[in-house]
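Reader: I am new to this structure and would like a close look at a single part of it. Please take me slowly through the places where charged side chains meet, and then through what surrounds them.

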Amino acid sequence: MDFLIGKVKPMYFKYLTAAFGSALISSIYGVVDMAMVGQYQGPNGTAALAVVSPIWNIIYSLGLLMGIGGSVLFSTLRGESKENQKKSNEYFTAALIGVVTLAIVTWVIVIFFDRELLLLFGAEETLLPLARKYIFPVKFVVPSFLFTQLMAAFLRNDGNPGLATKAVLFGGIFNVLGDYFFVFVLNMGIMGAGLATAMGSVFSLLMMLTHFRSRKNTIRLEKPTKLFSMLKTISITGFSTFFIDVAMGILTMLFNRQILKYLRTEALSVYGIIINISTFVQCCAYSIGQASQPMISTNFGASQGKRIVQILKYALGTAAVFGLIWTALAELVPNLFVRIFMTPTEEILAIAPSIIRSYGLSFLLLPLNVFSTYYFQALMKPTTSFIVSVSRGALISGILIHILPAMAGANAIWFSMPLTELVVAIYVIMMMSKYTKQLSEERRVS
């Protein structure tokens with residue numbers, strides 16, 4: 001499909017379906033691990049994976065930093081002129097060099113400093129051995145997680161979203177089956193879950209690499225003329241999406257520490273469940289951004305404001321639907337999630353509903369706020385995107401996580417994210433209206 005002349009509605013929903021499938025299956029890695037380990041080892045297993053979760057967020061986010069940042073510039077250049085193909089491929093090569101560098105650094109840190117990382121993210125002596133067992137198989141394939149994020153982003157922008165979805169689907173299915181086989185059949189427990197996740201990631205990456213042999217491929221390795229300048233531009237453009245995932249790790253660390261300070265391990269186990277629900281909600285939001293970003297970037301490069309407004313309408317409608325569905329599930333059937341992710345004790349069944357319902361209010365606005373970062377990036381407004389991602393991922397949320405339980409009691413901590421999403425949404429709506437109005441004015445002038 002041609003982003004500049006194709007019908008917006010079918011094109012958007014084609015890309016949304018592919019991006020949703022890819023994002024949804026990606027979330028299965030952690031979710032299935034949590035469910036299987038929770039069923040096998042109970043609340044301690046769930047709590048141990050809650051401690052591991054920030055490490056995943058950092059690894060994935062580094063891949064997104066280069067993948068989203070590079071692919072936005074890749075599509076914008078091609079929208080401006082077909083003669084920019086060589087330049088756009090220089091950005092792909094620069095992004096590839098960037099992700100190789102980040103993968104090596106991350107690999108070294110995870111291999112040699114896993115204990116220190118887990119302690120930093122809230123592990124204590126009971127949970128640390130379990131968390132390290134899970135991490136052990138992952139140590140061997142850390143770079144594959146970064147490369148899958150890079151490849152998925154460029155495949156979508158190079159007109160092959162279907163392959164990205166198929167690759168992630170294949171890895172996800174293997175992860176599901178592998179979890180059951182390694183955890184229960186081979187009785188490997190939490191280490192088996194880590195092994196299935198590691199192998200699933202490698203299989204996904206191998207499938208994605210077949211794009212370079214397909215007829216759809218227009219990506220080539222081109223020597224970057226100004227590598228460091230390109231890496232800086234890629235990093236600035238992709239920072240907001242990068243920080244969204246890093247923020248999940250930051251928030252998990254803050255929540256882990258505050259929960260253990262004010263509440264008990266049972267509450268941390270419930271928070272482990274919330275992490276997984278939030279992962280699903282966030283992946284829905286990612287799918288909206290990933291579907292619309294290539295189209296918006298290309299049309300922005302070509303100054304096609306009218307088409308951008310059309311794409312935005314579909315994206316906002318999708319965000320509203322996702323927000324309503326997930327909020328309704330959290331409010332109506334909270335213990336359903338508990339039974340999916342662990343074999344619960346009576347105490348957990350008693351405390352979980354109020355916790356999940358309180359935190360679940362944040363799901364109403366989360367899809368809008370996360371999508372907005374992709375929208376602002378696609379319009380080359382990295383500062384606005386930065387403000388949104390940092391405010392919701394660290395600044396406002398971090399302040400509320402610390403002051404609410406101190407001022408209003410321990411259980412007030414669960415309202416930190418609903419209040420954060422509300423404040424950020426007000427800013428998002430204001431800026432989105434401003435930039436969309438500018439697109440309309442540019443269209444009238446032209």
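**Salt bridges and their surroundings**

Author: Both Asp114 and Lys139 are buried, and this pair is a good place to begin, with the reminder that everything described here belongs to a predicted model. Asp114 and Lys139 form a salt bridge in which the closest N and O atoms are 3.4 Å apart. That salt bridge links distant parts of the chain, since Asp114 belongs to helix α4 (residues 114-120), while Lys139 sits in the loop between α5 (128-138) and α6, 25 residues apart. The pair does not stand by itself, for Asp114, Arg132 and Lys139 are linked in a network of salt bridges.

The structure as a whole holds five salt bridges. One of them joins Asp158 to Arg78, with 3.6 Å between the closest N and O atoms. Here too the two residues come from distant parts of the chain: Asp158 lies in the loop between α6 and α7 (161-185), and Arg78 in helix α2 (residues 43-80), 80 residues apart. Asp158 counts as buried because its relative accessibility is 7%, and buried means under 20%.

The helix that comes before this loop deserves a look as well. Helix α6 (residues 142-157) is mostly covered, with 16 of its 16 residues buried. Gly159, which follows α6, has a positive phi, near 75°.

A salt bridge within one helix is found between the side chains of Lys86 and Glu90, which meet at 3.1 Å, N to O. Both residues lie in helix α3, and they are four residues apart, about one turn of the helix. The two partners are not covered alike: Lys86 counts as partly exposed because its relative accessibility is 46%, whereas Glu90, with a relative accessible area of 3%, is buried.

Helix α3 (residues 85-112) also contains Val108, which leads from charged side chains to nonpolar ones. Val108 counts as partly exposed, because its relative accessibility is 40%. Together with Val100, Ile104, Val105, Trp107, Ile109, Ile111, Phe112 and Phe113, Val108 makes a nonpolar surface patch of about 770 Å².

Two buried residues elsewhere in the chain show what else can surround a side chain. Thr298 has its place in helix α10 (residues 265-301) and counts as buried because its relative accessibility is 8%. A polar atom of the Thr298 side chain lies 2.8 Å from the backbone oxygen of Pro294. Leaving aside neighbours within four places in sequence, the residues in contact with Thr298 are Phe3, Leu4, Ser75 and Gly79.

Leu366 lies in helix α14 (residues 366-378), and because its relative accessibility is 4%, Leu366 counts as buried. Residues up to four places away in sequence not being counted, Leu366 touches Val281, Gln282, Ala285, Arg392 and Glu421. The C-alpha atoms of Leu366 and Ser297 are separated by 22 Å, the two residues being 69 apart along the chain.

Aromatic rings complete this view of the surroundings. The structure holds 26 aromatic pairs, and one aromatic cluster is formed by Phe255, Tyr271, Tyr359, Phe363 and Trp414.

Technical notes
Residues numbered from 1 in each chain as written. Predicted model: local features only at pLDDT ≥ 70, side-chain atom pairs only at ≥ 80, totals over all residues. Heavy atoms only, no water. Buried < 20%, exposed > 50% of the residue type's maximum accessible area, 1.4 Å probe, protein only. Polar contact = N/O pair within 3.5 Å; in protein donor to acceptor, adjacent residues only side chain to side chain. Contact = heavy atoms within 4.5 Å. Patch = residues over 30% accessible without salt bridge, like charges linked within 9 Å, V, L, I, M, F, W, Y side chains within 5 Å. Areas by Shrake-Rupley, 256 points an atom, 1.4 Å probe, with all protein chains shown as cover. Salt bridge = Lys/Arg side-chain N within 4 Å of Asp/Glu carboxyl O. Phe/Tyr/Trp six-rings, centres within 6.5 Å; stacked < 30°, edge-to-face > 60°.
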